Amino acid sequence: MTHGDDLRLLLDLEEIRRLKYAYFRCIDTKDWPGLAACFVPEATATYPTQDCADLDAILAFIRTSLVPDLVTMHHGHHPEIRVDGDSATGTWYLHDQVYAPAFDFALEGAALYSDRYVRTPEGWRMSHTGYERIFEKKTTVAGATIEQGARSRGEHPA
């Protein structure tokens, strides 16, 4: 590898990391246009309860699952990314929390995401995402006070 190749690889890795971070942020802030921009139109997804055949199905599933009064936190870390030309794969460790006060429900869990990425004229985008659970801890929110921020309801400043 040349120094130019090394630099290109480092830039690719950073762009892919930033893409996945944006995916998690857009989910937690219910930023649906921002989430759509993380994917190519023909993207697919495999979630534990839903397989999605295209981007419209991915967005419909996530929007239906993450209603405005649901509070979520998704942290993706420890990325293992492999770049091969204009495609890449990645494994991410997920730590997530979900709070549904209206249903007295809370969840904390861990999972492993498996992603595929493609380089597009607009930059790296996801062509597939999905995860498999390592564990879920389900509890109630009784006794806890959860103050939801406007951003978590999908309210975005102008």
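The largest nonpolar core of this predicted model holds 38 residues, and within this core Tyr23, Leu35, Phe39 and Tyr47 touch the most other members. At least two core residues come from each of α1 (3-28), α2 (32-36), β1 (39-47), α3 (55-65), β4 (87-100), β5 (105-120) and β6 (123-139). Helix α1 gives the most, with eight residues. Such a grouping fits a familiar pattern: in soluble globular proteins, nonpolar side chains tend to be buried together. Leu35 offers a handy view into the core, for beyond the residues up to four places away in sequence it touches Tyr23, Cys26, Ile27, Leu59 and Ile62.

Turning to the strands, six of them make up an open sheet with mixed pairing, in the order β2-β1-β6-β5-β4-β3. The edges are formed by β2 (50-52) and β3 (71-84), each of which pairs on one side only. On average, and with direction ignored, neighbouring strands of this sheet are turned by 20° against each other. Helix α3 lies across β1 and β2 and runs at about 50° to β1.

The pairings along the sheet can be followed one by one. Strands β1 and β6 run parallel and are joined by four bridges; here Ala45 has Thr129 in β6 as its bridge partner. Strands β5 and β6 run antiparallel, with 13 bridges between them, and they form a hairpin with two residues in between. In this second pairing, Ala106 has Thr139 in β6 as its bridge partner. Towards the β3 edge, β3 and β4 pair in the antiparallel sense over twelve bridges, and Arg82 stands opposite Thr89 in β4.

Two threonines of β6 make a useful comparison. Thr129, found in strand β6, has a relative accessible area of 0% and is therefore buried. The side chains of Thr129 and Asp115 are joined by a polar contact of 2.6 Å. Leaving aside neighbours within four places in sequence, Thr129 is in contact with Lys20, Tyr23, Phe39, Thr44, Ala45, Thr46, Tyr47, Tyr113, Ser114 and Asp115. Thr139 also lies in strand β6, but its relative accessibility is 38%, so Thr139 counts as partly exposed. Not counting residues up to four places away in sequence, Thr139 touches Asp104, Phe105 and Ala106. Between the C-alpha atoms of Thr139 and Glu108 there are 8.5 Å in space, although these residues are 31 apart in sequence.

Aromatic side chains add another layer to the picture, with eight aromatic pairs found in a search of the whole structure. Phe24 and Tyr113 form one that is edge-to-face, at 5.6 Å centre to centre and with 80° between the planes. This pair links distant parts of the chain, since Phe24 sits in helix α1 and Tyr113 in strand β5, 89 residues apart. Both Phe24 and Tyr113 are buried. Tyr113 also pairs with Tyr131 in a tilted arrangement, at 5.1 Å centre to centre and with 50° between the planes. In this case the pair connects strand β5, which holds Tyr113, with strand β6, which holds Tyr131, across 18 residues. Tyr131 is buried, as is Tyr113. Ring pairs link Tyr23, Phe24, Phe39, Tyr47, Phe61, Tyr113 and Tyr131 into a cluster. Among these, Tyr23, Phe39 and Tyr47 were met above as residues that touch the most other members of the core.

Technical notes: Residues are numbered from 1 along each chain as its sequence is written. This is a predicted model: local features need pLDDT of at least 70, side-chain atom pairs count only at pLDDT 80 or more; totals for chains, interfaces and linings use all residues. Side-chain values use heavy atoms; hydrogens and water are left out. A nonpolar core is a set of buried Ala, Val, Leu, Ile, Met, Phe, Trp, Tyr and Cys residues joined through side-chain atoms within 4.5 Å. Buried means under 20% relative accessible area, exposed over 50%, partly exposed in between (1.4 Å probe, protein chains only). Contact means heavy atoms within 4.5 Å. Two strands pair if DSSP finds at least two bridges between them. Axes are lines fitted to C-alpha atoms, for helices over the stretch in contact, and angles run from 0 to 180 degrees between N-to-C directions. A polar contact is a pair of N or O atoms within 3.5 Å; within protein, one must be able to donate a hydrogen and the other to accept it, and residues adjacent in sequence count only if both atoms are side-chain atoms. Rings of Phe, Tyr and Trp (its six-membered ring) pair if their centres lie within 6.5 Å; planes under 30 degrees apart count as stacked, over 60 as edge-to-face and the rest as tilted.
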